[in-house]
Amino acid sequence: ELNVVQRSVELPSEQGWGSNELLRITTDGGAIFGKINYAVRIQRRFRRANDGTGGRAVEGLELVRTYRVLDGIAGVEYPTSTIKSTIRLLRPAAN
């Protein structure tokens, strides 16, 4: 089960645009563990750029951090995992 707890969006400007989401994920841990809860913060940031040939591109950075949830409280000081991804979208050249 995936629930959005908090979401904010930064509107486009000269510096770029982005979003910040906090999600609660509940998984079935089976008969031994029962339900397991995680908190996940996803931060995305995009900006306009140029590729090497002068064409237009969009560059992005995404950070995904997961946190343990014990007794309904997420320990956001120390993430259990962090994934950093870079994204580059290019428009194909017109023929």
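A residue counts as buried when its relative accessible area is under 20%. Keep that cut-off in mind as we walk through this chain, which is a predicted model. Buried residues make up 20% of the 95 residues here.

Let's start with the whole chain. It has 1 helix and 6 strands, and if you read along the sequence you meet them in the pattern β-β-α-β-β-β-β. What about the overall dimensions? Along its principal axes, the C-alpha trace spans about 60 × 25 × 20 Å. A compact globule of 95 residues would have a radius of gyration near 12 Å, but this chain comes out at 18 Å. The chain exposes about 7,400 Å², and carbon and sulfur atoms supply 53% of that area. As for contacts between residues at least 6 apart in sequence, 34% of them join residues at least 24 apart.

Now zoom in on strand β3, which covers residues 35-50. On one side of the story is β2, residues 16-28. β2 and β3 pair in the antiparallel sense over 12 bridges, and Leu-22 stands opposite Arg-41 of β3. The other partner is β4, residues 56-70, joined to β3 by 13 bridges and also running antiparallel to β3. β3 and β4 form a hairpin with 5 residues between them. In that turn you'll find Gly-54, with a positive phi of about 90°.

Next, look for rings. How many aromatic pairs does the structure hold? There is 1. Trp-17 and Phe-46 make up this pair, and their rings are stacked, with 5.9 Å centre to centre and 25° between the planes. Trp-17 sits in β2 and Phe-46 in β3, so the pair ties together parts that are 29 residues apart in sequence. Are the two residues buried or exposed? Phe-46 is at 17% relative accessibility, so Phe-46 counts as buried. Trp-17 has 23%, so Trp-17 counts as partly exposed. Phe-46 also has a bridge partner over in β4, namely Gly-60.

Right beside Phe-46 in the sequence comes Arg-45, which has its place in β3 too. Arg-45 is partly exposed, with a relative accessible area of 32%. Which residues does Arg-45 touch, not counting those up to four places away in sequence? They are Glu-10, Gln-15, Gly-16, Trp-17, Gly-18, Glu-59, Gly-60 and Leu-61. You'll recognise Trp-17 from the stacked pair. The side chain of Arg-45 reaches the backbone oxygen of Trp-17 at 3.4 Å. A polar atom of that Arg-45 side chain also lies 3.3 Å from the backbone oxygen of Gln-15.

Finally, step across to Glu-62 in β4. Arg-45 and Glu-62 are 17 residues apart along the chain, and their C-alpha atoms are separated by 6.6 Å. Glu-62 has a relative accessible area of 17%, so Glu-62 is buried. Which side chain makes a polar contact with the side chain of Glu-62? That would be Arg-44, at 2.7 Å. Leaving aside neighbours within four places in sequence, Glu-62 is in contact with Ile-42, Gln-43, Arg-44, Ile-83, Lys-84 and Ser-85.

Methods
Residues numbered from 1 in each chain as written. Predicted model: local features only at pLDDT ≥ 70, side-chain atom pairs only at ≥ 80, totals over all residues. Heavy atoms only, no water. Helix = DSSP H or I, 4+ residues; strand = E, 2+ residues; numbered from the N terminus. Buried < 20%, exposed > 50% of the residue type's maximum accessible area, 1.4 Å probe, protein only. Contact = heavy atoms within 4.5 Å. Polar contact = N/O pair within 3.5 Å; in protein donor to acceptor, adjacent residues only side chain to side chain. Phe/Tyr/Trp six-rings, centres within 6.5 Å; stacked < 30°, edge-to-face > 60°. Rg over C-alpha atoms; globule rule 2.2 N^0.38 Å. Areas by Shrake-Rupley, 256 points an atom, 1.4 Å probe, with all protein chains shown as cover. Pairing = 2+ DSSP bridges.
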